[in-house]
Amino acid sequence: MNIRSVTSLQAEDGPSIRWTMFSVVLLVFLALCASSEGRMTNTHQARLIKDLFDGYNPMIRPVYNHTTITDVSMILILATVIDMDERNQLLISNTWASLSWTDEFLTWDPAEYGGVDSIKVTSQNVWLPDIVLYNNADEYKSFLIKQLVIVYSNGDVLWAAPVIFKSSCSVDVTHFPFDVQNCSMKFGPWQHVGEEVWMHGSFDEGTYESDGQWDLVNMDATPHAQVYADHPDVVYTDVVYHVILKRRPFYFIMNLLLPNALFTLVTVTVFYLPPESGEKISLSITILLALTVFQLVLADFMPPSSYLPYLGYYFVVVMILVCLSLVSSVLIVNLHFGNSDDDGMPRWVRRVFVHYLAVKLRVYKHVPPNPNPSNISTSRLEELKRTPTYVRASMSNGEVLIPLMRKNNGEGTFANERGSSAQRKVRINPCDESEIVIDLLSELKSIAKYHDLKRREDIIKKDWKIVAMVVDKLMLYVYCLGSVMATVIFATQMFTTMNVMMQ
């Protein structure tokens with residue numbers, strides 16, 4: 001490449017290089033101007049703050065005339081509910097609070113300070129109203145300090161910051177878990193009277209986010225002018241914010257109501273469990289212990305007071321019914337396995353339970369037979385013990401009636417066939433065939449007596465088992481009726497509450 005060609009290339013690239021250099025110089029110039037303007041602005045703000053706070057006293061109410069009332073406007077925005085402590089009657093809420101008032105000592109002309117129309121300073125440097133939360137449940141301290149405030153050129157002061165308030169709340173758990181709570185937060189000056197500071201309030205509920213348990217139904221702000229006992233001639237002003245919250249009941253339905261309803265249904269199986277299984281009482285005790293655990297869980301949510309929610313009454317009624325089933329199980333087992341005595345069953349018990357209720361309740365389709373008093377009654381048994389029993393026997397010397405229970409030294413007393421009182425003595429040979437017959441018939445009578453007594457005991461035991469089944473079925477009806485009534489009353493109260501909530 002020769003010198004001429006190099007010279008021609010430099011001539012062609014010259015304009016582009018000049019434009020690049022010009023752009024760089026322009027950017028540097030603009031940056032220097034911006035930096036200079038920023039330094040000038042900071043200089044204006046520093047000069048403004050120095051002029052404003054020269055001789056400014058934050059302890060003095062910022063009015064030139066002491067009769068002028070300082071109007072303080074408060075805006076409270078409920079962001080979310082951190083915790084609703086029903087047991088300790090507390091509401092912990094995350095809020096965005098802002099207060100505004102006019103400070104007559106902090107005004108300026110923006111044109112004199114490079115167009116600066118607002119500044120941000122720490123709240124300790126300006127006058128602050130002594131606003132406190134009256135129903136505070138935490139340590140009393142001012143929530144206004146150690147924050148930034150915005151001061152405008154016309155003297156308006158704006159304080160805004162997120163604040164977590166812990167306030168007392170009268171929690172009404174009557175309709176738990178379908179309850180609606182109305183919690184209030186009262187804000188006002190503690191020392192400044194109404195002639196010095198007058199409170200105004202407003203709210204915004206559009207930014208509320210549910211915590212998964214509480215939904216915001218409504219919110220309002222109500223200003224008050226009130227006198228107190230320590231200064232009865234002085235009026236103080238305040239603003240009361242009413243926060244209405246509705247509980248989401250699904251969690252408690254699944255973890256309290258549904259298990260309790262299932263336990264109520266399982267208790268019915270206690271009455272169908274036969275006493276022979278040996279688990280009738282054990283099942284009742286197990287269900288009772290489970291209900292006791294649920295009662296303790298419910299007690300953790302409730303405040304320690306004499307008022308119980310409808311759900312608590314429902315649990316108590318169900319627990320009483322389960323205790324009743326336990327008592328009835330013990331009674332039924334006792335009746336079922338009870339020992340029968342010679343006196344048998346009372347007539348009124350047999351008539352009411354065996355003859356009437358057993359048939360009406362379909363426990364036993366047919367009335368069981370009565371024990372035969374002519375054969376196995378107590379009076380008859382005593383008569384058989386006292387009266388000799390005779391049997392017809394054919395012997396070598398004729399046909400005679402032999403007294404089976406009377407025998408002495410091989411001599412027996414016989415009666416004739418017609419049973420006359422004439423008697424004759426017959427010498428019986430020990431090897432005679434009548435001796436064997438007498439022994440056999442004696443054993444047969446003993447066996448007959450045993451079977452008669454056994455049959456009587458079996459009939460009495462069966463009657464007591466029927467009585468046990470009748471009592472079991474009666475207690476089943478009582479339990480079912482009580483459970484249905486308790487459930488209907490509880491459901492009616494809950495549906496009424498839900499309708500009121502929707503309205």
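Which residues does Lys-280 touch, not counting residues up to four places away in sequence? Keep that question in mind while you set up the view, and remember throughout that this is a predicted model.

**First stop: Lys-280**

Select Lys-280, which is found in helix α3, a helix that covers residues 280-301. Now display its surroundings: leaving aside residues up to four places away in sequence, Lys-280 touches Val-270, Phe-271, Leu-273, Ser-329, Ile-332, Val-333 and Asp-472. With a relative accessible area of 2%, Lys-280 is buried, because buried means a value under 20%.

Next, show the side chain of Lys-280 together with two of the residues it touches, Leu-273 and Asp-472. A polar atom of the Lys-280 side chain lies 2.9 Å from the backbone oxygen of Leu-273, and the side chain of Lys-280 also makes a polar contact, at 3.2 Å, with the side chain of Asp-472.

**Second stop: the cysteines**

Move on to Cys-169 and Cys-183, and display their sulfur atoms; how many disulfides does a search of the whole structure find? That search finds one, and the disulfide joins Cys-169 to Cys-183, with an S to S distance of 1.9 Å. Cys-169 sits in the loop between β6 (156-168) and β7 (180-189), whereas Cys-183 is in strand β7 itself, so the pair ties together parts that are 14 residues apart in sequence. If you follow the torsion about the S-S bond of this pair, you will find a value of about -75°, and the disulfide is therefore left-handed.

Switch to a surface display and ask of each partner whether it is buried or exposed. Cys-169 counts as buried at 4% relative accessibility, and Cys-183 likewise counts as buried, at 1%.

Then select two further cysteines, Cys-323 and Cys-480. Cys-323 has a relative accessible area of 30% and is partly exposed, while Cys-480, at 29% relative accessibility, also counts as partly exposed.

**Last stop: confidence**

Finally, colour the model by pLDDT, for which the protein averages 78, with 73% of the residues scoring at least 70. Select residues 34-41, where the pLDDT is below 50 and where the model has one contact beyond near neighbours in sequence. Then go to residues 372-378, over which pLDDT stays under 50 as well, although for this stretch the model has twelve contacts beyond four places in sequence.

Note on methods. Residues are numbered from 1 along each chain as its sequence is written. This is a predicted model: local features need pLDDT of at least 70, side-chain atom pairs count only at pLDDT 80 or more; totals for chains, interfaces and linings use all residues. Side-chain values use heavy atoms; hydrogens and water are left out. Helices (H or I, at least four residues) and strands (E, at least two) are DSSP runs, numbered from the N terminus. Buried means under 20% relative accessible area, exposed over 50%, partly exposed in between (1.4 Å probe, protein chains only). A polar contact is a pair of N or O atoms within 3.5 Å; within protein, one must be able to donate a hydrogen and the other to accept it, and residues adjacent in sequence count only if both atoms are side-chain atoms. Contact means heavy atoms within 4.5 Å. pLDDT is the predictor's confidence in each residue, from 0 to 100. A disulfide is a pair of cysteine sulfur atoms within 2.5 Å.
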